[in-house]
Amino acid sequence: MAEPGSEDATTRRARIAEAITAHRRAGSQSAVFFGPKGDDVPVVEYVDREITVEVDDAERDRLDTLLSEFPVFKIAQPATRKSPASEVHVSALADPKHTADFVDRLVLDVYEFDENYALAIAEP
């Protein structure tokens, strides 16, 4: 049973896909931010079919492993080369459901959050 304030993966992924779909329909150039609820947590930024994350060395290794499981997602160059060392841009040329699966797994596998974490979605 999930803890109070937590969500299962199916619910989180549906919410992520809905946010991405709304973002695309609106033709928005502003970002959508995904991440676990709380203070000082990692944020996954999605804008115009690109995901931007901040990672340390260990997280970067885990991101590379995750990317090998999702071959449609690739490190976006030259954006990553031009960014600070900890910032990685990932091209997300996939449908909203596939992108939602990737974003959720990114939080779970790269940032190592509990499988029932509660998701926050925000637009600036």
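This is a tour of one protein chain, taken from the whole fold to the sheet and then to the helices that pack in it.

**The whole chain**

Begin with the entire chain in view, and keep in mind that the model is predicted. Its C-alpha trace spans about 45 × 35 × 25 Å along the principal axes. A compact globule of 124 residues would have a radius of gyration near 14 Å, and the value for this chain, 14 Å, agrees with that. Colour by secondary structure next, and 4 helices and 6 strands should appear; followed from the N terminus, the elements run α-β-β-β-α-β-α-β-α-β.

**The sheet**

Now select the strands alone, which form an open sheet of 6 in the order β4-β5-β3-β2-β1-β6, with antiparallel pairing. Because β4 (74-75) and β6 (119-122) stand at the edges with a single partner strand each, one side of each has no neighbour in the sheet. Then turn to helix α1, residues 9-26, which packs on the sheet and touches β1 (32-36), β2 (44-47) and β6, its direction making about 10° with that of β6.

Within the sheet, go to β1 and β2, which run antiparallel and are joined by 3 bridges; show Phe34 here, and its bridge partner in β2 will be found at Val44. Moving on to β2 and β3, the pairing is again in the antiparallel sense, over 3 bridges, and Val47 stands opposite Glu50 in β3. These two strands, β2 and β3, form a hairpin with 2 residues between them, and in the turn Asp48 has a positive phi of about 50°.

From the hairpin, continue to β3 (residues 50-54) and β5 (residues 87-91), which pair in the antiparallel sense over 5 bridges. To find a matched position on this pair, select Ile51, which stands opposite Val90 in β5.

**Helix α1 against helix α4**

Next, hide the strands and keep α1 and α4. The axes of α1 and α4 come within 8 Å and cross at roughly 125°, and the two helices are therefore oblique to each other. The crossing in which α1 passes α4 is right-handed. To display the contact, select Ala9, Arg12, Arg13, Ile16, Ala17, Ile20, Thr21 and Arg24 on α1, together with Pro96, Lys97, Thr99, Ala100, Asp101, Val103, Asp104, Arg105 and Leu108 on α4. Coloured by class, the residues of this contact of α1 with α4 divide into 8 nonpolar, 2 polar and 7 charged.

**Helix α2 against helix α4**

Finally, exchange α1 for α2 while keeping α4 on screen. Helix α2 covers residues 57-69 and helix α4 residues 96-110, and their axes come within 10 Å and cross at roughly 140°. That angle makes α2 oblique to α4, and the crossing of α2 and α4 is right-handed. The residues to select in α2 are Glu59, Arg62, Leu63, Leu66, Leu67 and Glu69, which meet Phe102, Arg105, Leu106, Asp109 and Val110 in α4. By class, this contact of α2 with α4 has 6 nonpolar, no polar and 5 charged residues.

As a last selection, show Arg105 of α4, which is listed in the contact with α1 and also in the contact with α2.

Terms used. Residues numbered from 1 in each chain as written. Predicted model: local features only at pLDDT ≥ 70, side-chain atom pairs only at ≥ 80, totals over all residues. Heavy atoms only, no water. Axes fitted to C-alpha atoms, helices over the stretch in contact; angles between N-to-C directions. Parallel < 35°, antiparallel > 145°, perpendicular 65-115°, else oblique. Left-handed = near helix turned anticlockwise from the far one by under 90°. Contact = heavy atoms within 4.5 Å. Nonpolar A, V, L, I, M, F, W, Y, C, P; charged D, E, K, R; others polar. Pairing = 2+ DSSP bridges. Rg over C-alpha atoms; globule rule 2.2 N^0.38 Å.
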